[in-house]
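Please open the model in your viewer and keep the selection panel at hand; the tour moves from one selection to the next.

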Amino acid sequence: MDRQALINEFLERGVVVVPGVFARDEVEVIKRHFMSLNARKIGGYEGDNITDKADPLAKYPRMVHPHRWDDLSLRWLLDDRLRQWTTALLGKEPYAAQTMFYFKPAGARGQALHQDQRSLEVQPGTCLAAWMAVDPCDEENGCMQVVPNTQSLPKLCMVDADTRTSFSGSTVPLADWMQPEPVIMQPGDVLFFNGQVIHGSGPNTSADRFRRSLIAHYVAGEAEKVAKFYHPLLNFDGDEVEVGASEHGGPCGVWVERDDHDVLEIVGKGDGQGAIQYD
Ligand SMILES: O=C(O)CCC(=O)C(=O)O
């Protein structure tokens, strides 16, 4: 594996897959651990409001912030391999903000395209996701979809998502020059992408395959504020780090057509008005 080539890829495209960060037997232990928690109805996130009992996600709700009560999740979040990779990609050791586990069983909806910075609201700087495949992921079982080269975009204004294919209710529109790419991964591979990168996933259309993933979000070490939902941040030694609470909202970008080409216009707070070229 050419480490520097992977770092360069991240710097150029805002996204990179590092193969085999975790070994297959480690991932197997993680998989069994979360399946056992789910079987005991421990840790399912209720904030997604999935009330239809026939929805596959009702039986397998994602977990949000399990590192706050689950030692395995905490150890994974602060694992030295993730410390090394996140530090190499960001140029400075970040703080840990979040873990999530997605089960995504057969028939489950995906998550519409979005930017994580919209949720974490890191200031200054941005966040970095480390998304580990627990199962082989491909288009059939709803692998991740990313839009490379969107790492420098500002936050985009959200619109309603199609909730027949997405469990989350909002999404970001794409410019005419953007094309989501499927990310094919094997268990133990980690996809890294920064907080502005547009990403999401489609439904799991397989007959019987899960598409499980363990996800961490980190924030760049110079951050002074992060949305309250992600407090407390941790450093890689597991100590809590004090930062301020950022607010949601503020100016955001919408695509407008100019000379047959989509460009971004920033709307929102009065002083943020005006068209900016972000292509
Ligand atoms: O795993 C997925 O399907 C989507 C995950 C995601 O978008 C995220 O972690 O921000």
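Begin by selecting the residues around the ligand in this predicted model, namely Tyr102, Gly110, Gln111, Asp116, Ala129, Trp131, Met144, His199, Gly200, Ser201, Ser213 and Ile215. If you colour this shell by class, you will find five nonpolar, six polar and one charged residues.

Next, show the strands that supply at least two residues each to the shell around the ligand, which include strand 5 (127–133), strand 11 (198–201) and strand 12 (213–219). Which strand gives the most to the shell around the ligand? Strand 11 does, with three residues.

Now move to strand 12 and ask how many of its residues are buried. Seven of its seven residues are buried, and the strand is thus listed as mostly covered. In a regular strand the side chains alternate between the two faces of the sheet. To inspect the faces of strand 12 separately, select Ser213, Ile215, His217 and Val219 on one side, then Leu214, Ala216 and Tyr218 on the other; these residues are all buried, and both faces are covered. Ser213 and Ile215, on the one side, also belong to the residues around the ligand.

Finally, add the pairing partners of strand 12 to the view. Strand 3 (residues 95–102) runs antiparallel to strand 12 and is joined to it by seven bridges; within this pairing, select Thr99 together with its bridge partner Ala216. Strand 5 likewise pairs with strand 12 in the antiparallel sense, over seven bridges, and here the residues to select are Leu128 and its bridge partner in strand 12, Tyr218.

Key. Residues are numbered from 1 along each chain as its sequence is written. This is a predicted model: local features need pLDDT of at least 70, side-chain atom pairs count only at pLDDT 80 or more; totals for chains, interfaces and linings use all residues. A residue is near a molecule or strand if its C-beta atom, placed from the backbone, lies within 6 Å of it. Helices (H or I, at least four residues) and strands (E, at least two) are DSSP runs, numbered from the N terminus. Ala, Val, Leu, Ile, Met, Phe, Trp, Tyr, Cys and Pro count as nonpolar, Asp, Glu, Lys and Arg as charged, and the others, Gly among them, as polar. A residue is buried if 20 or more other C-beta atoms lie within 10 Å of its own, exposed if 12 or fewer, and partly exposed in between; C-beta atoms are placed from the backbone. Two strands pair if DSSP finds at least two bridges between them.
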